[in-house]
Protein chains: 2
Amino acid sequence: MSENAEGAAPPPGTRRPGGRTARTRAAVRDAVLTGLAEHGYPGLTVEYVAERSGVHKTTLYRRWGGLEGLVADALDLAGEDTWAPPDTGLLDGDLRALAREVCEAFGDPAAAAAPTAFIAAAFQSERAADALRAFYTERFGRCEAVVERAVARGEAPVGTDAGAVVRAVSAPLFLRLFVTREPVDTALADQSAAAVAAAVRAGAFTPSTGAGTATATDARTATAPPRTPR
Amino acid sequence: MSENAEGAAPPPGTRRPGGRTARTRAAVRDAVLTGLAEHGYPGLTVEYVAERSGVHKTTLYRRWGGLEGLVADALDLAGEDTWAPPDTGLLDGDLRALAREVCEAFGDPAAAAAPTAFIAAAFQSERAADALRAFYTERFGRCEAVVERAVARGEAPVGTDAGAVVRAVSAPLFLRLFVTREPVDTALADQSAAAVAAAVRAGAFTPSTGAGTATATDARTATAPPRTPR
């Protein structure tokens with residue numbers, strides 16, 4: 001995302017990793033996260049980030065272009081962690097752990113504030129939406145290892161759509177958290193994981209049998225176009 | 001929701017259905033929807049609603065309490081439609097139709113603008129969040145008929161969690177639309193419907209077998225430690 005920074009300024013934080021620029025970027029990122037957690041996207045200002053980070057406002061505008069760039073870069077940086085998906089040795093256990101992690105991450109108000117603000121910001125800023133898409137594409141990409149290992153162990157059919165599986169597991173939680181505004185809990189996480197695992201075993205996430213009751217031939221000749229790459 | 005209107009003012013629109021009050025309420029609702037579609041929640045003002053609806057600002061404040069009350073009431077009114085879930089005669093067909101409807105509703109930018117603004121408003125207003133929860137609880141409640149008919153036909157196990165099923169079907173679409181900001185299409189809708197239908201048939205949405213490969217006892221005694229929040 002930082003390559004898309006506005007104007008001709010160098011992308012923030014990419015020149016001297018570990019050096020002063022990286023430290024500045026981290027300080028600015030921390031200020032953005034704190035500001036998002038405290039005030040949400042609508043209440044966040046460049047002035048706040050400057051005061052909180054100790055980086056001058058003109059520097060922020062020059063390097064990040066403004067508020068949208070600051071938020072997008074904070075999200076880029078959030079994706080540069082070492083998080084790895086669970087590895088319990090079983091598909092069910094891994095999917096359950098993934099689902100529970102969503103519950104727990106958003107169940108703690110303090111921990112949830114900044115990620116929630118990112119999701120909210122995407123409604124108001126195309127740039128935040130792009131950064132959020134990049135973040136989740138990469139994050140769910142890491143999760144796919146869970147499905148690939150299950151395929152390797154013979155727990156899931158070859159050709160299982162790993163990206164769809166890992167999204168389907170957490171989707172009912174995200175739906176309740178950010179659309180229907182209903183409560184989530186561990187039981188719901190476990191139910192979602194069990195349902196998706198059952199669907200995987202039934203071959204519902206395998207393109208050739210993905211139409212459920214339809215036969216493989218039906219699926220191939222159906223007028224529905226092939227899945228576009230996401 | 002209108003029972004929760006702030007202050008001692010009578011709930012808007014509830015006194016004379018079909019009369020002047022109902023017409024005023026509908027005019028105000030239309031103005032709110034138009035305003036949300038054009039400006040989103042952060043840009044909507046009581047002044048805009050007054051100008052657009054022809055209802056005086058002081059009346060709006062008196063009856064609805066302010067912007068939050070206006071948005072909540074518009075959502076209440078949106079839930080008072082005659083929408084009914086599909087009835088294709090088969091669980092797979094019904095779930096597919098439900099999922100496709102989400103795709104279509106949010107695939108048309110003009111049609112999607114107001115509902116999207118409601119979802120966005122819930123991030124900023126507790127009252128909008130409450131109204132959204134009430135709206136979706138009622139809406140998904142209607143969808144449960146799809147599962148109840150499938151149980152009656154013997155297509156789904158007795159005791160299938162209908163609320164969880166209908167939410168699971170649309171959840172992967174809502175996730176991509178409003179969290180990961182990824183594209184959705186009919187193929188994705190069909191995949192989600194087929195996966196949930198397969199899980200229903202496997203009994204994964206029936207409480208007694210909801211833990212997938214784990215037994216009920218396993219689920220009760222599971223000691224998997226909670227993941228650390230990110």
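This is a selection-by-selection tour of a predicted model, moving from the two chains to their interface and then to individual residues.

**Stop 1: both chains**

Show chains A and B together and superpose one on the other. Chain B is laid on chain A by a turn of 180° and a shift of 0.0 Å along the axis, with an RMSD of 0.0 Å. That is how a two-fold axis relates two copies.

**Stop 2: the interface**

Select the residues of each chain that touch the other. You should have 59 residues from chain A and 52 residues from chain B. About 4600 Å² is buried between the two chains, and carbon and sulfur atoms give 63% of that area. Of the interface residues of chain B, 87% are also interface residues in chain A, so the copies meet through the same surface.

Which residue pair should be picked out across the interface as a salt bridge? Select Arg167(A) and Glu182(B): their side chains meet in a salt bridge, at 2.7 Å from N to O. The count of salt bridges between chain B and chain A is 2. Polar contacts between the chains, with both residues at pLDDT 80 or more, come to 6 residue pairs.

Now hide chain A and keep the side of chain B that touches chain A. Helices α5 (91–107), α6 (109–121), α7 (126–153), α8 (162–178) and α9 (186–201) of chain B each supply at least two residues to that side. Colour by helix and look for α8(B), which gives the most, with 10 residues. Colour by residue class instead, and the touching side of chain B divides into 31 nonpolar, 9 polar and 12 charged residues.

**Stop 3: salt bridges within the chains**

Over all chains, a search of the whole structure finds 28 salt bridges. Three of those inside a chain are worth selecting in turn.

Begin with Glu80(A) and Arg25(A), which form a salt bridge with their closest N and O atoms 3.7 Å apart. Glu80(A) sits in the loop between α4 (67–78) and α5 (91–107) of chain A, while Arg25(A) belongs to helix α1 (residues 20–43) of chain A, so this pair links distant parts of the chain, 55 residues apart. Switch on a surface and compare the two ends. Glu80(A) is exposed, with a relative accessible area of 52%, whereas Arg25(A) is buried, at 7%.

Next take Asp81(A) and Arg142(A), a salt bridge with the closest N and O atoms 2.9 Å apart. Asp81(A) lies in the loop between α4 and α5 of chain A and Arg142(A) in helix α7 (residues 126–152), so the pair ties together parts that are 61 residues apart in sequence. Asp81(A) counts as partly exposed, at 31% relative accessibility.

For the third, move to chain B and select Asp92(B) and Arg201(B). Their side chains meet in a salt bridge of 2.7 Å, N to O. Asp92(B) is in helix α5 of chain B and Arg201(B) in helix α9, and the two are 109 residues apart. Asp92(B) counts as buried, at 6% relative accessibility, and Arg201(B) as partly exposed, at 38%.

**Stop 4: around Arg142(A)**

Go back to chain A and centre on Arg142(A) in helix α7. Is Arg142(A) buried or exposed? Its relative accessibility is 17%, and because the cut-off for buried is under 20%, Arg142(A) counts as buried. The side chain of Arg142(A) also makes a polar contact with the side chain of Asp81(A), at 2.9 Å.

Leave out neighbours within four places in sequence and display what remains in contact with Arg142(A): Gly79(A), Asp81(A), Thr82(A), Trp83(A) and Pro85(A). Then add Glu138(A) and Arg139(A) to the view. Salt bridges that share partners join these two residues with Asp81(A) and Arg142(A) into one network.

**Stop 5: Leu44(B)**

Finish in chain B with Leu44(B), in the loop between α1 (20–43) and α2 (46–53). Leu44(B) is buried, with a relative accessible area of 4%. Which residues touch Leu44(B), leaving aside neighbours within four places in sequence? Select Val32(B), Gly35(B), Leu36(B), His39(B), Val49(B), Leu67(B) and Val71(B). For a distance label, use the C-alpha atoms of Leu44(B) and Val32(B): they are 7.9 Å apart in space, and the residues are 12 apart in sequence.

Note on methods
Residues numbered from 1 in each chain as written. Chains lettered and ligands numbered in written order. Predicted model: local features only at pLDDT ≥ 70, side-chain atom pairs only at ≥ 80, totals over all residues. Heavy atoms only, no water. Contact = heavy atoms within 4.5 Å. Buried area = accessible area lost by both parts, 1.4 Å probe. Salt bridge = Lys/Arg side-chain N within 4 Å of Asp/Glu carboxyl O. Polar contact = N/O pair within 3.5 Å; in protein donor to acceptor, adjacent residues only side chain to side chain. Helix = DSSP H or I, 4+ residues; strand = E, 2+ residues; numbered from the N terminus. Nonpolar A, V, L, I, M, F, W, Y, C, P; charged D, E, K, R; others polar. Buried < 20%, exposed > 50% of the residue type's maximum accessible area, 1.4 Å probe, protein only. Least-squares fit on C-alpha atoms with pLDDT ≥ 70 in both.
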